[in-house]
Amino acid sequence: MKRLTHSLLTATPGTRRDVVSEHYGPAQYTRKVYIQACLHADETPAMLVASELRQRLLALEAAGRLAAQVVLVPVANPAGLAQFVMGAPSGRFELGSGRNYNRDFPFPLEAIVQRVEGQLTDDPAHNLKVVRVAWQQSLEAITPRDEMASLQRQLMLLACDAELVLDLHCSREAVMHLYTSEWSWAQVEPLARYIGSQATLLSVDSQALSFDEALSLIWWRLRERLQGQYPIPLGNACVTVEHRGQRDVDADLACQDADAIIAALVHAGFISGEPEALPELLWPATPLAGSEQFIAPMGGVLVHRVALGAQVSPGQAMFDLVDPLSGEVTTVHSATAGVLYMRRDVRFVRPGDPLGRVTGHVPVRTGKLLSA
Ligand SMILES: [Zn+2]
C-alpha cells in the first residue's frame, strides 16, 4: 500500500489540511476502484467501515489477489471533521458558507468536449481513455476559490479514472440503503445484495451534482452531446452507500459491511477469487423521484409510529406531532406504498422540517430530488 498526502488550499494562515489516500494493488493498472468515507464528516459509521476495509485490503494485497488498483480515502472531509458547534459535530455543511459538502461538485463538461476534439474514434475503449485524460486535465485546470472547492476538486481527481466508485455515508436514522444512477444499477446490484440494501434510489439527474452523480453523469451528458458522432462508453458505476444511521457505529456491522464490499469487488473481478453466492435482493430499486419525503406541517414533539425498514401502505399513520401547549396531536399519513428507509433523529420539529422518507415505485417528484 502506498499512502499519498494531498494538501488542500489553506483556509486561514497557520493551518493546513490534507486528504490522505491509500493505494492498494498494482501501480500499473487498467481497472481501478475508488472508495471514500465520510464526505459528510459527521457520518462516523462509514469511517469505521473504511478502517475495516483497510485490514482486508492489506491482507488481499499481501496475498496477491488485487486485480485492480483500489484507492481508499478513509477521511474524505478533514475540514468538516474539524467542525464542532458547542460540542456537537457538524460535518454536513461548511459552517462558513452553509454549503452542503456533497453538492455542486465540479462538472467540466464543456472543457472535456473541447479537449477531446479531434481525438475521438469509432473505438469506445480508445474514447474511454481519451475522455479520462481530458477530464483529469480539465479538473487540474480549475483554480479552486476556497478550501471546500479544493477539497471537491481533489476528491474528483482521485476518482475520475475509476471504473467503480463507492461513496460511503450514513443517514440520520436509517436502514442500509443506496443511491445510484439508472445506468449504474446493473453493476451496483450485486453490492446491494451482499450488503443487504433495503432500498435503492435511482435517478438520472437529481440536480444535486453530488459526488457520485457528478462522476457518473459526465459520461451520460458526453454521450448525449456526441450522439451519432462517436461511441462514448459509460465509463464508471458510482454509488452512495448509506450505512444506516449516525449512531449505528458497531464493530459487527462495520465488519459485515466491509465483507460485503469485498464480496462485491470479487464478484466484479477487481479481486481474484471465487465469488460468494449472491443473496436475495431485499427490495427492488425504485426511482428517487418516487420516494415520498414527509415534511412537518406544524411544530411540536415528533413521535414516530413506524419502525425503520417497515413496509408501509397508502393512508398509514406515520408520524404524530404533539403540540406541547394544547396537547393536540396532528398525524401525518403516507400516500405511498414502500419501505420507510430513513427518518428524523431529532424528536422536536418546526414547520417544514423533514420527518422521513418512503420508497415509491411511481415517479411523483420533479426538479431537485435531494435535500439541500
Ligand atoms: Zn452523507
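**Notebook: zinc site and helices α5 and α7**

I began at His40 and found that its side chain makes a polar contact of 2.7 Å with the side chain of Asn100. I note at the outset that the model is predicted.

**Entry 1. His40**

I placed His40 in the loop between β3 (32-37) and α1 (44-62). I then looked up its exposure: the relative accessible area is 2%, so His40 counts as buried, the cut-off being under 20%. Leaving out residues up to four places away in sequence, I listed the contacts of His40 as Gly91, Arg92, Asn100, Tyr101, Asn102 and His169.

**Entry 2. The zinc ion**

I asked which protein atoms serve as donors of the zinc ion. They are ND1 of His40, two entries for Glu43 (OE), and ND1 of His169, at 2.1 to 2.5 Å from the ion. His169 is thus a donor of the zinc ion and also touches His40. Along the chain, I read the donor spacing as H-x2-E-x125-H. Glu43 is buried, as is His40.

I next examined the geometry. The angles among the four donor atoms run from 54 to 137°. A tetrahedral assignment needs all angles between 85 and 135 degrees, and the site is classed as irregular.

**Entry 3. Gln152 and helix α5**

I located Gln152 in helix α5, which covers residues 147-159. Is Gln152 buried or exposed? Its relative accessibility is 7%, and it therefore counts as buried. I recorded that the Gln152 side chain reaches the backbone oxygen of Arg103 at 3.0 Å. Beyond four places in sequence, Gln152 touches Arg103 as well as Tyr101, Asp104, Phe105 and Pro106. Tyr101 also appears among the contacts of His40.

For the helix as a whole, I noted 13 residues and a reach of 19 Å from the first C-alpha to the last, close to the 18 Å expected at 1.5 Å a residue. Twelve of the 13 residues of α5 are buried, so the helix is largely enclosed by the rest of the structure. Among the buried residues are Glu147, Arg153 and Ala159.

**Entry 4. Helix α7**

I compared the span of α7 (residues 211-225) with expectation: its 15 residues should cover 21 Å at 1.5 Å a residue, and the end C-alpha atoms are 21 Å apart, which agrees. I also looked up where α7 bends. The bend is about 30°, at Leu217. Leu217 is one of the buried residues of α7, which also include Phe211, Trp219 and Leu222.

Note on methods. Residues numbered from 1 in each chain as written. Predicted model: local features only at pLDDT ≥ 70, side-chain atom pairs only at ≥ 80, totals over all residues. Heavy atoms only, no water. Helix = DSSP H or I, 4+ residues; strand = E, 2+ residues; numbered from the N terminus. Buried < 20%, exposed > 50% of the residue type's maximum accessible area, 1.4 Å probe, protein only. Polar contact = N/O pair within 3.5 Å; in protein donor to acceptor, adjacent residues only side chain to side chain. Contact = heavy atoms within 4.5 Å. Expected span 1.5 Å × (residues − 1). Bend = angle between axes of the 7 residues up to and from the residue. Donors = N, O, S within 2.8 Å, 3.2 Å for Na, K, Ca; no water. Tetrahedral: all angles 85-135°; square planar, octahedral: opposite > 155°, others 65-115°.
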